[in-house]
Amino acid sequence: MAKFYKGVWSSPSTDFANGPNSVEPMVNRLAQAGFDLIIPVVKGGDGYVNYHSRIEKVRPQFKEWDPLVLLIKEAKSVGMKVHPWMCVFKENENSTIIQKNQTLRMVNLEGEPTPWVCPASEEVQEYELNLYREVMDNYDIDGVHMDYIRYDSENVCFCERCRSGFKKETGIDPLEIGKSSHYLNRKHPFWAQWIEWRAKWITKFVEKLSKLTKVKNKELSAAVFMEYPECIIYEGQDWADWAERKLINYAFPMTYTNSTLMVKRRTINHLAQVRGTCSVWEGLGKESSRSSLSTKALIDQAKASREEGAEGIVLFSYTALTDKDLSALSKLK
């Protein structure tokens, strides 16, 4: 039987709360359970980063030491990969890019700005790309990881940039499509064109980052929505297209559910969508907004995804994993 891979999403601000001495025990704990990949969030979208950046503000907790340097060192010593994780288009008032230019914020259907930035802006795309470039240039990492590589809902973006851009191409202001309940009217003849227009900006960023990772000989992984292809509509996230065009090396669908049956069925769907063009590791939620799993349920879900052909699993998140969980996971190979 082929090797079954294991990864984990990690939050340094929590996992390394006790300082530099927190790193080695964490890495050793994961190594003993047979983990292959650690995905530490280095940009969570709150205006701070968890590494020593010249672009964005360093989280005060890490002013005196760089958690990414130490994590990479410890991970390499036990043969684990590290993919620094960035929440791409999620920003808030504390983010440098928003402080410099409020017009870069996503705007909802009601005309209200949101704590996200607009993917249709070249300035936004370059800012986010430069953060990835900085990490790849300054750290000996194996790859980088995308999260929040999307819109936050179907209800955005209706900033002047998006409205005028879509109107220039189609002659239609997207607001003219008209509301049906809370969202745009899906029966409108231009609704499908609008959905595809939004998605192209997300994909444009993935294309840019993919090109950069290839130049720098790094892997590219992405946390993606399990509800494909519906996530093209809701979040503008056409991740099967990224896989088919080999823009990404790994897709990690966030299959957060208490139902093992759903994991089984979703895994089948995810693998069918990518058709072997990238690795699929199912994302399982030990503790998430949609799931809370016992050790048995976690192992059952992992086995179900393996049986249906997934190459591995990624767990959300390290903080939630108990010694019992890790002991059971160590037997899953």
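This briefing describes salt bridges in the structure above and the exposure of the residues that form them. The model is a predicted one, and 26 salt bridges are found in it. Three pairs are described below, together with one network in which salt bridges share partners.

**Pairs linking distant parts of the chain**

- Glu93 and Arg105 form a salt bridge in which the closest N and O atoms lie 2.5 Å apart, and this pair links distant parts of the chain, with Glu93 in the loop between β6 (85–87) and α4 (96–100) and Arg105 in strand β7 (residues 105–107), 12 residues apart.
- Within this pair, Glu93 counts as partly exposed at 44% relative accessibility, whereas Arg105, at 13%, counts as buried.
- Glu308 forms a salt bridge with Lys264, where the closest N and O atoms are 2.4 Å apart; here too distant parts of the chain are linked, since Glu308 lies in the loop between α11 (295–307) and β15 (312–316) and Lys264 in helix α10 (residues 260–274), 44 residues apart.
- Glu308 is partly exposed, with a relative accessible area of 23%, and Lys264 is likewise partly exposed, at 27%.

**A shared-partner network**

- Glu122, Glu126, Lys204 and Lys208 are joined into one network by salt bridges that share partners.

**A pair within one helix**

- The side chains of Glu160 and Arg163 meet in a salt bridge with an N to O distance of 3.4 Å, and both residues lie in helix α6 (residues 160–170), three residues apart, which is about one turn of the helix.
- Glu160 counts as exposed at 57% relative accessibility, while Arg163 is partly exposed, with a relative accessible area of 22%.

Note on methods:
Residues numbered from 1 in each chain as written. Predicted model: local features only at pLDDT ≥ 70, side-chain atom pairs only at ≥ 80, totals over all residues. Heavy atoms only, no water. Salt bridge = Lys/Arg side-chain N within 4 Å of Asp/Glu carboxyl O. Helix = DSSP H or I, 4+ residues; strand = E, 2+ residues; numbered from the N terminus. Buried < 20%, exposed > 50% of the residue type's maximum accessible area, 1.4 Å probe, protein only.
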